Amino acid sequence: NPFVFGAPPRLDILNRVVLWQRAKKRAGTAKTKTRGEVRGGGRKPWQQKGSGRARQGSIRAPHWRGGGVVHGPVPRSYQYTLPKQVRRMGVRVALSVRLAQGDMHIVDAFELESHKTKDLLPYLESKGWINALF
């Protein structure tokens, strides 16, 4: 069908579809603890006045060693929706480019005497079709 296998090569569409697929697969599990989630640090380390040291409210403040992280990563989803027409066009463009490059072969029917794998393998090897995916 020329609608499916005759689409012009559109690298921009292929790029959008590949980025969309990779974004969907991202785990998005990066996480750091804030100063409220780090264990400890509930009381003031020393009194506010009279010690001569700088005032501190918690030993888990971000500028302390072992303190929380400010504006760190939180778990999130990287998924977004791509229009269905763009998705379908991406498949059409990918199939068209594969066929134009000779990386894909379309077979209407196999004329084999039996439906055994041992009879099919020599036929596939004679055509050079070793892998079904690449």
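**Two helices, one core and a few contacts in the loop**

The buried residues of α2 are Ile13, Val17, Trp20 and Ala23, and I would like to begin with them, keeping in mind throughout that what we have here is a predicted model. If we look down the axis of α2, these buried residues fall within an arc of 130°, so they line one face of the helix. The general background is that an α-helix has 3.6 residues a turn, so residues three or four places apart point the same way. On the other side of α2, we find Leu11, Arg22 and Lys25, which are exposed. As for the geometry of the helix, the 15 residues of α2 should span 21 Å at 1.5 Å a residue, and the end C-alpha atoms are indeed 21 Å apart, which agrees.

What do the buried residues of α2 pack against? They pack against α3, and that is the helix I turn to now. Helix α3 covers residues 84-101, 18 residues in total, and its first and last C-alpha atoms lie 26 Å apart, close to the 26 Å expected at 1.5 Å a residue. Within α3, the buried residues are Val86, Gly90, Val93 and Ser96. Viewed down the axis of α3, they fall within an arc of 140°, so here too one face of the helix is lined by its buried residues. Lys84 and Arg88, on the other side of α3, are exposed. The packing partners of the buried residues of α3 are α1, residues 2-5, and α2, residues 11-25. Just after α3 comes Gly102, with a positive phi near 85°.

Let me now take the core. Which residues make up the largest nonpolar core? There are five of them, namely Ile13, Val17, Trp20, Leu82 and Val86, and α2 gives the most to this core, with three residues. In general terms, nonpolar side chains in soluble globular proteins tend to be buried together. Trp20 deserves a further word: leaving aside its neighbours within four places in sequence, Trp20 is in contact with Tyr80, Thr81, Leu82 and Arg87, and Leu82 is itself one of the five core residues.

A second residue that I would pick out for its contacts is Arg92, which lies in helix α3. Not counting residues up to four places away in sequence, Arg92 touches Phe3, Val4 and Ala7. Arg92 and Leu14 are separated by 78 residues in sequence, while their C-alpha atoms are 9.7 Å apart in space.

Next, the charged pairs. How many salt bridges does a search of the whole structure find? It finds two. In one of them, Asp12 is joined to Arg10, with the closest N and O atoms 2.8 Å apart; Asp12 counts as partly exposed, at 41% relative accessibility, and Arg10 also counts as partly exposed, at 31%. In the other, the side chains of Glu37 and Lys31 meet, at 2.9 Å from N to O. Glu37 is partly exposed, with a relative accessible area of 40%, and Lys31 counts as partly exposed at 43%.

On aromatic rings, the count comes to one pair. This pair is formed by Trp46 and Trp64 and is tilted, with 5.9 Å from centre to centre and 35° between the planes. It links distant parts of the chain, 18 residues apart, although both Trp46 and Trp64 belong to the loop between α2 and α3. Is Trp46 buried or exposed? Trp46 is buried, with a relative accessible area of 19%, and since the cut-off for buried is under 20%, I would quote that label together with its value. Trp64, by comparison, is partly exposed, with a relative accessible area of 25%.

I will finish with two more residues of the loop. Thr29 lies in the loop between α2 and α3 and is exposed, with a relative accessible area of 61%. His71 lies in the loop between α2 and α3 as well, and counts as exposed at 80% relative accessibility. Thr29 and His71 are 42 residues apart in sequence, and their C-alpha atoms are 15 Å apart in space. The backbone of His71 is also worth a look, as its phi is near 55°, a positive value in a residue other than glycine. For context, most residues other than glycine have a negative phi.

How values were computed:
Residues are numbered from 1 along each chain as its sequence is written. This is a predicted model: local features need pLDDT of at least 70, side-chain atom pairs count only at pLDDT 80 or more; totals for chains, interfaces and linings use all residues. Side-chain values use heavy atoms; hydrogens and water are left out. A salt bridge is a side-chain nitrogen of Lys or Arg within 4 Å of a carboxyl oxygen of Asp or Glu. Buried means under 20% relative accessible area, exposed over 50%, partly exposed in between (1.4 Å probe, protein chains only). Helices (H or I, at least four residues) and strands (E, at least two) are DSSP runs, numbered from the N terminus. The expected span of a helix is 1.5 Å times one less than its number of residues. The arc is that of the directions from the helix axis to the C-beta atoms. Contact means heavy atoms within 4.5 Å. A nonpolar core is a set of buried Ala, Val, Leu, Ile, Met, Phe, Trp, Tyr and Cys residues joined through side-chain atoms within 4.5 Å. Rings of Phe, Tyr and Trp (its six-membered ring) pair if their centres lie within 6.5 Å; planes under 30 degrees apart count as stacked, over 60 as edge-to-face and the rest as tilted.
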